[in-house]
Amino acid sequence: TKSLTREVNKHCIHSPTRHSNNMPYLWDDISTCLKDHTQFLTALPLIAASAFLLTPAEGETVHLSVNSVTACPYCTGLHGNLGRMAGCDSIGIEGAKTDEECASKAGSTSSNEHEIALYARTFAKSGYSADAQKTLSAKVGQTKAKCVNAMCLFLKWGSYGGNTINDTVSNPGIFKIGFSLYYGPLYVIVKVVSALLTVMPTNGPKALNQVMSFALPIIAGAWIVPVGMLGFFW
């Protein structure tokens with residue numbers, strides 16, 4: 001268990017940002033960012049409820065699968081450890097190069113997680129799809145399918161935000177500098193929490209993952225809500 005924890009932590013802390021097909025998963029302009037934040041704002045209640053409507057492994061499968069495409073190092077650190085605590089193959093899922101490889105790593109113990117991984121990868125690359133949501137609903141049930149979609153949105157917010165902050169150093173601009181100043185404190189918190197989670201056991205108490213999954217959108221909401229409200233009037 002200790003060797004697995006060390007390997008996950010090494011991957012989580014030092015994994016570089018990857019871009020699938022050289023496409024950056026970040027925000028370059030304020031209009032798109034604000035538009036996306038209106039979606040995140042409206043999804044926040046379901047994101048928080050998903051902590052109890054999805055199992056910890058299902059929830060972290062969403063996050064890890066989306067981040068296998070968007071490749072945010074902050075999300076790797078946080079959800080790599082939360083996934084490990086939930087019993088997921090964090091390294092295998094995030095390191096997957098194809099949809100099937102990701103689903104295979106995620107679904108080794110659960111068919112639900114296999115289907116969730118496929119949906120999350122599709123969402124990360126192409127956004128919401130009514131057909132994909134219908135297919136997922138038939139596999140895992142309508143309630144879980146809606147929760148998975150909400151969690152995909154949450155990880156999109158987290159990964160796009162982290163990648164935007166990191167890109168500010170090499171591609172500064174008024175929007176990115178302002179974004180980094182606004183969201184910087186939150187991502188510092190993410191780094192601190194990620195470091196603290198490295199000492200937590202693999203396959204830990206389910207309740208701990210649930211508390212973390214519930215707390216994360218509540219804390220993030222302090223930053224998301226003002227931007228989302230502004231987006232409605234932009």
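Which residue forms a salt bridge with D167, and how far apart are the closest N and O atoms? In this predicted model the partner is K176, with the closest N and O atoms 2.3 Å apart, a salt bridge being a side-chain nitrogen of Lys or Arg within 4 Å of a carboxyl oxygen of Asp or Glu. The model is predicted, so that local features are reported at pLDDT of at least 70 and side-chain atom pairs at pLDDT 80 or more, while totals for chains, interfaces and linings use all residues. Residues are numbered from 1 along each chain as its sequence is written, and side-chain values use heavy atoms, with hydrogens and water left out.

The protein chain contains 11 helices and 0 strands, where helices (H or I, at least four residues) and strands (E, at least two) are DSSP runs numbered from the N terminus. Of its 234 residues, 53% count as buried, a class defined by a relative accessible area under 20%, with exposed meaning over 50% and partly exposed lying in between (1.4 Å probe, protein chains only). Among contacts in the protein chain with a separation of 6 or more, 79% are accounted for by residues 24 or more positions apart, contact meaning heavy atoms within 4.5 Å. The chain exposes about 10,700 Å², of which carbon and sulfur atoms supply 63%; accessible areas come from the Shrake-Rupley method with a 1.4 Å probe, and for residues only the protein chains shown count as cover.

Side chains of opposite charge can pair when their charged atoms come close. The structure holds 6 salt bridges, including the one between K176 and D167. Both K176 and D167 are buried, and the two residues belong, together with D28, to a network of salt bridges. In another salt bridge, the side chains of E58 and K144 meet at 2.6 Å, N to O. This pair links distant parts of the chain, as E58 belongs to helix α3 (residues 56-70) and K144 to helix α9 (residues 142-168), with their positions 86 residues apart; E58 and K144 are both buried. A salt bridge is also formed by R121 and D99, whose closest N and O atoms are 2.9 Å apart. Here R121 in helix α7 (residues 111-126) is joined to D99 in helix α6 (residues 99-106), the pair being 22 residues apart and linking distant parts of the chain. R121 is buried, with a relative accessible area of 5%, whereas D99 counts as partly exposed at 23% relative accessibility.

Rolling a probe the size of a water molecule over the atoms shows where empty space is left. The search used a 1 Å grid over the protein atoms alone, on which a cavity is a set of points where a 1.4 Å probe fits but cannot get out, a pocket is an open set with protein on both sides within 12 Å along at least five of seven lines, and lining residues have an atom within 4 Å of a point. Grid points are joined across faces, edges and corners, and a volume is the space filled by probe spheres set on the points.

The largest pocket has a volume of about 270 Å³. Its lining comprises 18 residues, with L78, F154, W157, V190 and L216 lying nearest the centre, and two or more lining residues come from each of α4 (73-85), α9, α10 (174-197) and α11 (206-233). By class, this lining has 16 nonpolar, 2 polar and no charged residues, where Ala, Val, Leu, Ile, Met, Phe, Trp, Tyr, Cys and Pro count as nonpolar, Asp, Glu, Lys and Arg as charged, and the others, Gly among them, as polar. The second largest pocket holds about 180 Å³ of space, and its lining receives two or more residues from each of α2 (30-53), α10 and α11. The largest share, 6 residues, comes from α10, and the lining divides into 10 nonpolar, 1 polar and no charged residues.

A single cavity of 30 Å³ or more is found, 1 in the whole structure, and the largest cavity has a volume of about 40 Å³. Its lining, to which α2, α3 and α11 each supply at least two residues, consists of 4 nonpolar, 5 polar and no charged residues.

Positive phi values occur at A71, about 55°, and at N203, near 55°, neither residue being a glycine. A71 lies in the loop between α3 and α4 and is buried, with a relative accessible area of 2%, whereas N203, in the loop between α10 and α11, is exposed at 55%.
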